[in-house]
Structures are given as C-alpha cells and as structure tokens.
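Me: I have a structure in front of me and want to learn how to read it. Can we go feature by feature?

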Amino acid sequence: MVSWMISRAVVLVFGMLYPAYYSYKAVKTKNVKEYVRWMMYWIVFALYTVIETVADQTVAWFPLYYELKIAFVIWLLSPYTKGASLIYRKFLHPLLSAKEREIDDYIVQAKERGYETMVNFGRQGLNLAATAAVTAAVKDFWLTSAPILQPI
C-alpha cells in the first residue's frame, strides 16, 4: 500500500507536473528543440499510461512492481538517459509511421460512427421523453377528471 502511494505521487509529480511545467516553458520560449523533446515525452507517456492502466489490474502483485514504475518514469524523464526520446525514436516512430494510414482511417470511421450513434441516441432520447410526457399527461388527466366522468 505504501509503495502504491509513493509510486502514485512520483508518477504525478515527476511524470506529469514536472514535464507539464517544462512543456509550458518550451511553449513560452518558442524553443523548437524543447518542443520536440517534450512532444516525444508526452507521446511515450501516453503509451505508458495505457500500459500502466492494464498492468495495474493484472501484474501489480509482481514484487517491486511499484518501484519499477518509479524507476521507469525517472528513466523516461532523465536528460542523461533520454529514455522517452529513445523509446520514441527506436519503437514508436517506426511503428506509427508504418501504421499511420490505418490509424487515420480508423479515426475517420470512429468519428463517423460516433456521429451516427449520437444522432440515434438523441432520436431515441427524444422519443422516450415524448412518450413519458404523453403518458404522464394522460395519467394526470384521468386522475383529475375521474370523479367527473363517473356515472350518476
């Protein structure tokens, strides 16, 4: 439990806040070299976050798991090891370059399906709301008019 809390704090501070601040500094100074450095970091960190989410649910029982996470985030961030740059240049860039067209096509399809799905949900929601409103109005009419309509 303590390892988890320390790991979470280190990942938040050194994995997110520190790089976010230096990304801000890169934008502010318009230093292209720093832009590239931090963009590579954020791309690698996004992949790390996806993998971490799955790993936390499946292999967190592994001895020293949280300590390894801390070491990995520090390694990614370190200007001496240039871990994020290494992972990006050796693995992610070639992979993304090879699959870029497929990924772009998938994103376009997902956007189209997402729009169609939202329209269908909206239509179904309006139909449901209209049916509920009519049902409520009819019930209210019968409840308030019932004594008047009773035979004498």
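Me: Which element gives the most to the lining of the largest pocket?
Reply: That is α2, with seven residues. Keep in mind that this is a predicted model. The general idea comes first. Rolling a probe the size of a water molecule over the atoms shows where empty space is left.

Me: How much space lies in the largest pocket?
Reply: About 340 Å³. The lining has 16 residues, and those closest to the centre are Lys33, Arg37, Met40, Lys82 and Ser85. Find those five in your view to place the pocket.

Me: Which elements give two or more residues to that lining?
Reply: Three helices do: α2 (32–58), α3 (65–77) and α4 (83–149).

Me: How many residues of each class does the lining of the largest pocket have?
Reply: Eight are nonpolar, three are polar and five are charged.

Me: What is the volume of the second largest pocket?
Reply: About 230 Å³. Here 13 residues form the lining. Closest to the centre are Leu47, Tyr48, Ile51, Glu52 and Phe72. Two elements, α2 and α3, give two or more residues each. The largest share is from α2, with six residues.

Me: And by class, what does the lining of the second largest pocket have?
Reply: Eleven nonpolar residues, two charged ones and no polar ones.

Me: Let us turn to helices. How far does α1 reach from its first C-alpha to its last?
Reply: Compare the end-to-end distance with the span expected at 1.5 Å a residue. Helix α1 covers residues 2–29, which is 28 residues. The helix reaches 39 Å, close to the 40 Å expected.

Me: Which residues of α1 are buried?
Reply: The cut-off is under 20% relative accessible area. In α1, Ser7, Val10, Val11, Gly15, Pro19, Ser23 and Ala26 are buried. These buried residues pack against α2 and α3.

Me: Take one of them. Why does Ser7 count as buried?
Reply: Because its relative accessibility is 1%. Ser7 is in helix α1. Now look at the contacts of Ser7, leaving aside neighbours within four places in sequence. Ser7 is in contact with Tyr66, Lys69 and Ile70.

Me: What about Leu92, and where does this residue lie?
Reply: Leu92 lies in helix α4. Leu92 is buried, with a relative accessible area of 8%. Leave out residues up to four places away in sequence, and Leu92 touches Ile43, Val44, Leu47 and Ile87.

Me: How do I compare distance along the chain with distance in space?
Reply: Take a pair and check both numbers. Leu92 and Met40 are 52 residues apart along the chain, and 9.4 Å separate their C-alpha atoms. Now try Ala110 and His93. These two are 17 residues apart in sequence and 23 Å apart in space, C-alpha to C-alpha.

Me: Where does Ala110 lie, and why does Ala110 count as partly exposed?
Reply: Ala110 lies in helix α4. Ala110 counts as partly exposed because its relative accessibility is 37%. Partly exposed runs between the buried cut-off of 20% and the exposed cut-off of 50%.

Me: Next, backbone angles. What should I expect of phi?
Reply: Most residues other than glycine have a negative phi. Look for the exceptions. Lys30 is not a glycine, yet has a positive phi of about 55 degrees. Lys30 comes just after α1, in the loop between α1 and α2.

Me: Is Lys30 buried or exposed?
Reply: Exposed, because its relative accessibility is 62%.

Me: Where is Leu64 found, and what is its phi?
Reply: Leu64 is in the loop between α2 and α3. Its phi is near 65 degrees, a positive value in a residue other than glycine. Leu64 counts as exposed, at 59% relative accessibility.

Me: Last, domains. What does the domain assignment of the chain give?
Reply: The assignment gives domain 1 (1–81) and domain 2 (99–146). Their centres, taken over C-alpha atoms, are 39 Å apart.

Notes. Residues numbered from 1 in each chain as written. Predicted model: local features only at pLDDT ≥ 70, side-chain atom pairs only at ≥ 80, totals over all residues. Heavy atoms only, no water. 1 Å grid on protein atoms, 1.4 Å probe; cavity = no way out; pocket = protein on both sides within 12 Å on 5 of 7 lines; lining within 4 Å. Points joined across faces, edges and corners; volume = space filled by probe spheres on them. Helix = DSSP H or I, 4+ residues; strand = E, 2+ residues; numbered from the N terminus. Nonpolar A, V, L, I, M, F, W, Y, C, P; charged D, E, K, R; others polar. Expected span 1.5 Å × (residues − 1). Buried < 20%, exposed > 50% of the residue type's maximum accessible area, 1.4 Å probe, protein only. Contact = heavy atoms within 4.5 Å. Domains from an automatic or database assignment.
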